[in-house]
Structures are given as structure tokens and as C-alpha cells.
Amino acid sequence: QGILDELSAAAARHAEIIFVLETTADSRGGLDRDARRAFDELRPGASFYVWPAEKRPANGGLLHAKTVVADRHAALISSANLSGAAMERNMELGVLVTGEPLPRLVEQHFRSLIAERVLVPVVNT
């Protein structure tokens, strides 16, 4: 199954799915379409957040983190984007960490960025 199929199945089980994705406007020319569009079919079962350009350092900053946390027990930290090229053609590398404390700490970090409004919800368009 593909990534969307697996995420749809997780949403059907009422798993909390949170994406932090890049937008064309905030990527400073790095994207030609919003990354969220690839996951629109997961709405309303998923939440989407962005790191707006106005919240980034004055000299720039790119959203480059590629991390998945599951159940506060497993964290995949990878170089891979969720793109066809990354999944089918590129040489990517990732590490799966299970057990305490790293997965929980990664999740807490992103939840604190949301709570502090560094990461903000995507406005439905």
C-alpha cells in the first residue's frame, strides 16, 4: 500500500495525524505547489500546520525536517521528502528510533512549536 492508503487507514482508526508542511509562498521558490495538496484527501482526519515566512529568521530559513512520530514510542528521522522522487528514485537515509526518550521528546518539541504559534494551522483554501 502507498503512504496515503496507510494514512487513510490510520485516520479511520481515529489516529491523530498532524502534518507540518511547506507552502509555495513560504518556501521562497523551493516549491511549485503547496505540499498539503498531496494530502487533501485525508481531510478532515488530519491537521495541517505551516511555519509562516514571517515567523522565520530574517535571513531566511527553510522547513527541512522530515520526521514521523508514532504513539510517542517510535520516531523515523529521515532525509526523504514525501515525494515520488524520494520514494522511487533518490538515495535517501533514515533512522528508526524506538523506545524512550527520543520519540516522546520529538513529539513534545513539535507540540510546543504549535502551542507557541511558531507553527500555525493551515487556513482552508
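**Entry 1: the sheet**

I began with strand pairing and found that β1 and β2 run parallel to each other, joined over four bridges. The model I am reading is a predicted one. Within the β1–β2 pairing I looked up Ile17, and its bridge partner in β2 is Ala46.

I then followed β2 to its other pairing. Strand β6, residues 120–121, pairs with β2 in the antiparallel sense, over two bridges. In this pairing Val50 stands opposite Val120 of β6.

What is the order of strands in the sheet? I noted an open sheet of three strands, β1-β2-β6, with mixed pairing. β1 and β6 are at the edges with a single partner strand each, so one side of each has no neighbour in the sheet.

I also checked how far β2 is covered. Four of its five residues are buried, so β2 is largely enclosed by the rest of the structure.

**Entry 2: nonpolar cores**

Which residues make up the largest nonpolar core? I listed nine: Leu7, Ala10, Ile17, Phe19, Leu21, Phe39, Leu42, Ala46 and Phe48. At least two residues of this core come from each of α1, β1 and β2. Ile17 and Ala46, both on the list, are the bridge partners I noted in the sheet.

I logged a second core, separate from that one, with five residues. Among them are Tyr49, Trp51, Leu113 and Leu119.

I took Ala10 from the larger core and looked up its contacts. Beyond neighbours within four places in sequence, Ala10 is in contact with Ala15 and Ile17.

**Entry 3: Gly45**

Next I looked at Gly45, which sits in the loop between β1 and β2. Is Gly45 buried or exposed? I put Gly45 down as partly exposed, because its relative accessibility is 35% and the class runs from 20% to 50%.

Not counting residues up to four places away in sequence, Gly45 touches Ala11, Ala15 and Ile17. Ala15 and Ile17 also appear among the contacts of Ala10. For Gly45 and Ile17 I read a C-alpha separation of 7.1 Å, with their positions 28 residues apart along the chain.

**Entry 4: salt bridges**

How many salt bridges does the structure hold? I counted five, and I wrote up three of them, as follows.

Glu16 and Arg111 meet through their side chains in a salt bridge, at 2.6 Å from N to O. Their positions are 95 residues apart: Glu16 is in the loop between α1 (3–12) and β1 (17–20), and Arg111 is in helix α3, residues 102–115. Glu16 is exposed, because its relative accessible area of 57% is over the 50% limit. Arg111 is partly exposed, at 33%.

Arg56 and Glu22 form another salt bridge, at 2.5 Å from N to O. This pair also links distant parts of the chain, 34 residues apart. Arg56 lies in the loop between β2 (46–50) and β3 (67–70), while Glu22 lies in the loop between β1 and β2. I checked burial for this pair, and both Arg56 and Glu22 are buried.

The third one I looked up joins Arg72 to Glu107, with the closest N and O atoms 3.2 Å apart. Arg72 is in the loop between β3 and β4 (74–78) and Glu107 is in helix α3, so the pair ties together parts that are 35 residues apart in sequence. Arg72 counts as partly exposed at 47% relative accessibility. Glu107 counts as buried, because its 12% is under the 20% cut-off.

Which residues are joined into one network by salt bridges that share partners? I recorded Glu16, Arg72, Glu107 and Arg111.

**Entry 5: surface patch**

Last, I looked for nonpolar surface. A nonpolar patch of about 270 Å² is made by Ile3, Leu82 and Met87. Ile3 belongs to helix α1, the helix that also supplies at least two residues of the nine-residue core. Ile3 itself is partly exposed, with a relative accessible area of 36%. That value lets Ile3 count towards a patch, because patch residues need over 30%.

How values were computed:
Residues are numbered from 1 along each chain as its sequence is written. This is a predicted model: local features need pLDDT of at least 70, side-chain atom pairs count only at pLDDT 80 or more; totals for chains, interfaces and linings use all residues. Side-chain values use heavy atoms; hydrogens and water are left out. A salt bridge is a side-chain nitrogen of Lys or Arg within 4 Å of a carboxyl oxygen of Asp or Glu. Buried means under 20% relative accessible area, exposed over 50%, partly exposed in between (1.4 Å probe, protein chains only). A nonpolar core is a set of buried Ala, Val, Leu, Ile, Met, Phe, Trp, Tyr and Cys residues joined through side-chain atoms within 4.5 Å. Contact means heavy atoms within 4.5 Å. Patches are made of residues with over 30% relative accessible area and no salt bridge: like charges are joined within 9 Å, nonpolar side chains (Val, Leu, Ile, Met, Phe, Trp, Tyr) within 5 Å. Accessible areas come from the Shrake-Rupley method with a 1.4 Å probe; for residues, only the protein chains shown count as cover. Two strands pair if DSSP finds at least two bridges between them.
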